[in-house]
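Here is a short tour for someone meeting this model for the first time. Keep the structure open and follow along.

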Amino acid sequence: MGELAKSDLVIVGAGIIGLATANYLRQQSPDVSITVIEKEAVPGVHQTGHNSGVIHAGIYYAPGSLKSKLCVKGAAATKAFCQTHDIPFDTCGKLIVATSDAELPAMATLEDRARSNGLDIQRIGQEALHEMEPDISGVGALLSPASGIVNYGEICRVLRQTLEADGVAFQFNTNVIGLNERDDALMVETEQGTLDAGLMIACAGLHADRIAALSGLANDFRIVPFRGEYFRVADTASANVNHLIYPVPDPSLPFLGVHLTKMIGGYDTVGPNAMVSLGRETYTANRPHLRDMATSARFGGFWKLMMRNLRPGLHELHGSLSKATYLKRCQKYCPSLTSDDLLPYPPGIRAQAVSADGRMIEDFMIRETPHTVHVCNAPSPAATSAFPIGEEIGARALAKLNQ
């Protein structure tokens with residue numbers, strides 16, 4: 001038998017977090033050998049390539065949370081990377097629109113949170129809102145000037161290109177099927193063979209719990225996939241917006257609500273909603289995937305989540321089954337949209353970690369063993385925060401390698 005292939009660091013997952021981590025490690029330790037393993041043929045196929053493309057400013061997140069800290073830092077880092085590599089982005093700003101007086105208290109709470117996070121936030125009255133966005137209806141809004149849009153898939157493409165030029169090895173079309181961790185070694189078993197690694201970093205997204213389980217770290221959580229359905233706004237639609245348009249979040253619902261988003265490429269989308277998906281990769285249709293459904297069904301936290309969120313779940317199901325209902329939610333803030341304006345658009349699937357007591361884990365969650373670092377939960381704004389998340393993970397990894 002020949003010698004095992006070796007790598008100082010193995011990164012599982014070539015989404016934007018995995019690539020940002022590799023980027024940080026290559027900059028900090030040019031002599032450390034790095035191998036990125038990805039089960040798809042190219043980077044950024046899943047959450048990275050199926051999202052709204054928003055560069056978040058950090059408005060929504062609890063002051064002091066890892067989310068708020070990394071989002072603010074990540075937005076700046078994302079824009080800087082794009083400027084360095086000539087990747088198009090647009091700091092178009094975001095308007096969070098209150099469509100009735102009943103939403104104004106929640107909007108004020110959001111304003112206070114944004115200021116606590118040190119963000120530039122501006123309250124906009126009804127008349128000023130109409131001047132800024134004639135096709136948007138509301139009694140007031142919050143303006144976040146720093147919010148923007150980018151194609152995160154393009155960032156991944158450039159990261160891969162630069163990393164390969166700097167000597168980082170990629171193994172595509174490769175699944176990790178086992179880990180053998182001993183005191184002095186780590187063997188990463190894949191369908192293509194076994195790697196002798198000093199350390200493994202898992203950035204596996206929709207399959208984060210399955211990779212974490214190989215290290216015995218997933219007993220108390222599971223990834224529950226949520227399908228986010230979008231529509232593309234027809235080019236012939238009368239509605240025209242200059243900013244990202246978001247509703248004031250309903251505190252009784254777990255997600256932000258359907259928003260109207262400018263996209264790099266010169267078109268708009270509306271979405272996403274948030275339906276429990278019948279599989280982790282059901283992009284073409286929400287058909288049952290038996291293995292994924294069984295994984296959820298065997299986890300008690302899944303059923304507790306369903307019971308705790310029965311009303312929001314029915315709310316989302318109604319919007320998913322009825323285009324008219326979906327449209328009505330958009331028309332609250334953009335009344336000129338019609339059914340003919342909503343064209344098919346690929347959905348996204350969000351990897352949401354759920355605890356054993358049935359609660360959605362809101363913040364980033366990173367777990368470790370002596371030879372592994374696992375990103376177990378990376379919810380929105382993970383794409384915006386990818387570069388500082390990569391720095392956080394990479395620093396932990398280098399500390400382990402240097403012990």
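## Helix α7 and its two sides

On one side of α7, Leu290 and Arg291 are exposed. This is a predicted model. Helix α7 runs over residues 290–297, and Asp292, Thr295 and Ser296 are buried in it. Seen down the axis of α7, the buried residues fall within an arc of 95°, so they line one face of the helix. Leu290 and Arg291 are on the other side. What covers the buried face? The cover for the buried residues of α7 includes α6 (208–213), β13 and α8 (300–308).

Two of those covering elements lead onward. The loop between β12 (193–202) and α6 holds His207. The loop between β13 (221–228) and β14 (231–233) holds Glu229.

## His207, beside α6

Is His207 buried or exposed? His207 has a relative accessible area of 17%. The cut-off for buried is under 20%, so His207 counts as buried. Leaving aside neighbours within four places in sequence, His207 is in contact with Lys39, Arg280 and Glu281. One of these contacts is polar: the side chains of His207 and Glu281 meet at 2.8 Å. A further distance helps to place the residue. Thr21 is 186 residues away from His207 along the chain, and their C-alpha atoms are separated by 18 Å.

## Glu40, another partner of Glu281

Glu281 also touches Glu40. Where is Glu40? Glu40 lies in the loop between β2 (34–37) and β3 (54–55). Its relative accessibility is 18%, so Glu40 counts as buried. Besides Glu281, Glu40 touches Val45, His46, Phe172 and Asn173, with residues up to four places away in sequence left out. The side chain of Glu40 also makes a polar contact of 2.8 Å with the side chain of Lys39. Lys39 is among the contacts of His207 as well. Gly13 is 27 residues from Glu40 in sequence, and the two are 9.1 Å apart in space, C-alpha to C-alpha.

## Glu229 and the loop with Pro272

Glu229 has a relative accessible area of 16%, so this residue is buried. Which residues does Glu229 touch? Beyond four places in sequence, they are Val270, Gly271, Pro272, Asn273, Met275, Ser320, Tyr326 and Pro347. Asn273 is also a polar partner: its side chain and that of Glu229 are joined at 2.7 Å. A polar contact of 3.4 Å links the side chains of Glu229 and Arg227.

Gly271 and Pro272, both touched by Glu229, share a cis peptide bond with omega near -5°. Pro272 sits in the loop between β17 (267–271) and β18 (275–276).

Where is the Ser380 to Pro381 bond, and what form does it take? The bond is cis, with omega about 15°. Pro381 lies in the loop between β22 (372–377) and α11 (386–401).

## Positive phi in two loops

Asp86 and Asn173 both have a positive phi, and neither is glycine. The table sets out the values.

| Residue | Phi | Loop | Relative accessibility |
|---|---|---|---|
| Asp86 | near 55° | between α2 (66–84) and β4 (89–90) | 69%, exposed |
| Asn173 | near 55° | between β9 (169–171) and β10 (176–181) | 48%, partly exposed |

What sets the labels apart? Exposed means over 50%, so Asp86, at 69%, counts as exposed. Asn173, at 48%, is partly exposed. Asn173 is also among the residues that Glu40 touches.

## A leucine patch

Which residues make the nonpolar surface patch of about 400 Å²? The patch is made by Leu310, Leu314, Leu317 and Leu321. Leu310 lies in helix α9, which covers residues 310–321. With a relative accessibility of 48%, Leu310 counts as partly exposed.

Definitions and conventions:
Residues numbered from 1 in each chain as written. Predicted model: local features only at pLDDT ≥ 70, side-chain atom pairs only at ≥ 80, totals over all residues. Heavy atoms only, no water. Helix = DSSP H or I, 4+ residues; strand = E, 2+ residues; numbered from the N terminus. Buried < 20%, exposed > 50% of the residue type's maximum accessible area, 1.4 Å probe, protein only. Polar contact = N/O pair within 3.5 Å; in protein donor to acceptor, adjacent residues only side chain to side chain. Contact = heavy atoms within 4.5 Å. Arc of directions from axis to C-beta. Patch = residues over 30% accessible without salt bridge, like charges linked within 9 Å, V, L, I, M, F, W, Y side chains within 5 Å. Areas by Shrake-Rupley, 256 points an atom, 1.4 Å probe, with all protein chains shown as cover. Salt bridge = Lys/Arg side-chain N within 4 Å of Asp/Glu carboxyl O.
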